Amino acid sequence: MLDEADSRLLAALQENAMLTTQELGERLNLSPSQAGRRRQRLEAEGYIRAYRAEVAPEKVGLGVQAFIQIVMATHTEKNAQDFVRLTRHQPEIIGAWTLTGEADYLLRVYCTDLSALNALVQQVLLPHPAVSRVQSQIVMERVKPDAPLPVGL
């Protein structure tokens with residue numbers, strides 16, 4: 001169970017994972033060694049899964065972000081496994097979720113341009129035997145970036 005200091009530590013690391021134990025201690029009113037031990041415990045217990053750099057997509061040539069809904073042709077275990085394998089091996093697909101409702105999957109993709117997005121849809125997703133229908137929405141503007149999880153509510 002998380003106490004208030006743990007929740008504040010997680011919130012601080014979600015804002016800036018590069019904080020030193022000294023900086024964490026100052027933010028949490030703890031000694032650096034206490035802050036470091038808490039961080040290590042939260043890592044060991046699986047609360048903190050990874051540390052990542054947030055890369056600016058436009059700086060690396062990824063000018064188009066889209067969300068793609070997938071409706072499966074049939075709902076068999078093999079189809080699901082084959083489609084999930086595709087999502088894991090297609091670098092443009094940076095996130096994939098199963099859904100309730102009309103669509104079976106939601107994909108988040110980044111492509112260099114509209115032509116690359118069209119190729120992904122037309123040459124990779126639609127021809128897949130597990131896929132019945134594809135619907136894509138191109139992101140025009142990101143009005144809120146991925147936010148930290150609301151820990152400690």
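1. In this predicted model, E15 and R27 form a salt bridge, with their closest N and O atoms 3.7 Å apart. The pair links distant parts of the chain: E15 belongs to helix α1, while R27 sits in helix α2 (residues 21–28), and the two are twelve residues apart. E15 counts as exposed, at 60% relative accessibility. R27, with a relative accessible area of 44%, is partly exposed.

2. A second pair also involves helix α1. D6 forms a salt bridge with R41, and here the closest N and O atoms are 2.7 Å apart. D6 lies in helix α1 (residues 4–15) and R41 in helix α3 (residues 32–44), so this salt bridge ties together parts that are 35 residues apart in sequence. Is D6 buried or exposed? D6 is buried, with a relative accessible area of 1%; the cut-off for that class is under 20%. Its partner R41 counts as partly exposed at 30% relative accessibility.

3. The D6 and R41 pair should be read together with its neighbours in the network. D3, D6, R38, R41 and E45 are linked in a network of salt bridges. As general background, side chains of opposite charge can pair when their charged atoms come close.

4. Further along the chain, the side chains of E102 and R133 meet in a salt bridge, at 3.6 Å from N to O. This pair also links distant parts of the chain, 31 residues apart: E102 is in the loop between β2 (93–98) and β3 (105–111), and R133 is in strand β4 (residues 131–138). E102 is exposed, with a relative accessible area of 68%. R133 is partly exposed, its relative accessible area being 40%.

5. How many salt bridges does the structure hold? The count is eleven, and the pairs E15 with R27, D6 with R41 and E102 with R133 are among them. The protein has 16 positive and 18 negative side chains. The centres of these two sets lie 3 Å apart.

6. On secondary structure, the protein has five helices and four strands. Their order along the sequence is α-α-α-β-α-β-β-α-β. The radius of gyration is 20 Å, well over the 15 Å that the globule rule gives for 153 residues, so the protein is more spread out than a compact globule. The C-alpha trace spans about 60 × 35 × 25 Å along its principal axes.

7. Burial and contacts can be stated for the whole protein. Of its 153 residues, 31% count as buried. Among contacts with a separation of 6 or more, 63% are between residues 24 or more positions apart. The accessible surface comes to about 10400 Å², and 52% of that area belongs to carbon and sulfur atoms.

8. One more residue can be placed. R85 is found in helix α4 (residues 77–89). R85 is partly exposed, with a relative accessible area of 44%. What separates the C-alpha atoms of R85 and C111? The separation is 19 Å, for two residues that are 26 residues apart along the chain.

Technical notes
Residues are numbered from 1 along each chain as its sequence is written. This is a predicted model: local features need pLDDT of at least 70, side-chain atom pairs count only at pLDDT 80 or more; totals for chains, interfaces and linings use all residues. Side-chain values use heavy atoms; hydrogens and water are left out. The radius of gyration is taken over C-alpha atoms; the globule rule is 2.2 Å times the number of residues to the power 0.38. Buried means under 20% relative accessible area, exposed over 50%, partly exposed in between (1.4 Å probe, protein chains only). Contact means heavy atoms within 4.5 Å. Accessible areas come from the Shrake-Rupley method with a 1.4 Å probe; for residues, only the protein chains shown count as cover. Lys and Arg count as positive and Asp and Glu as negative; His and the chain ends are not counted. The place of a charge is taken as NZ of Lys, CZ of Arg, CG of Asp or CD of Glu. A salt bridge is a side-chain nitrogen of Lys or Arg within 4 Å of a carboxyl oxygen of Asp or Glu.
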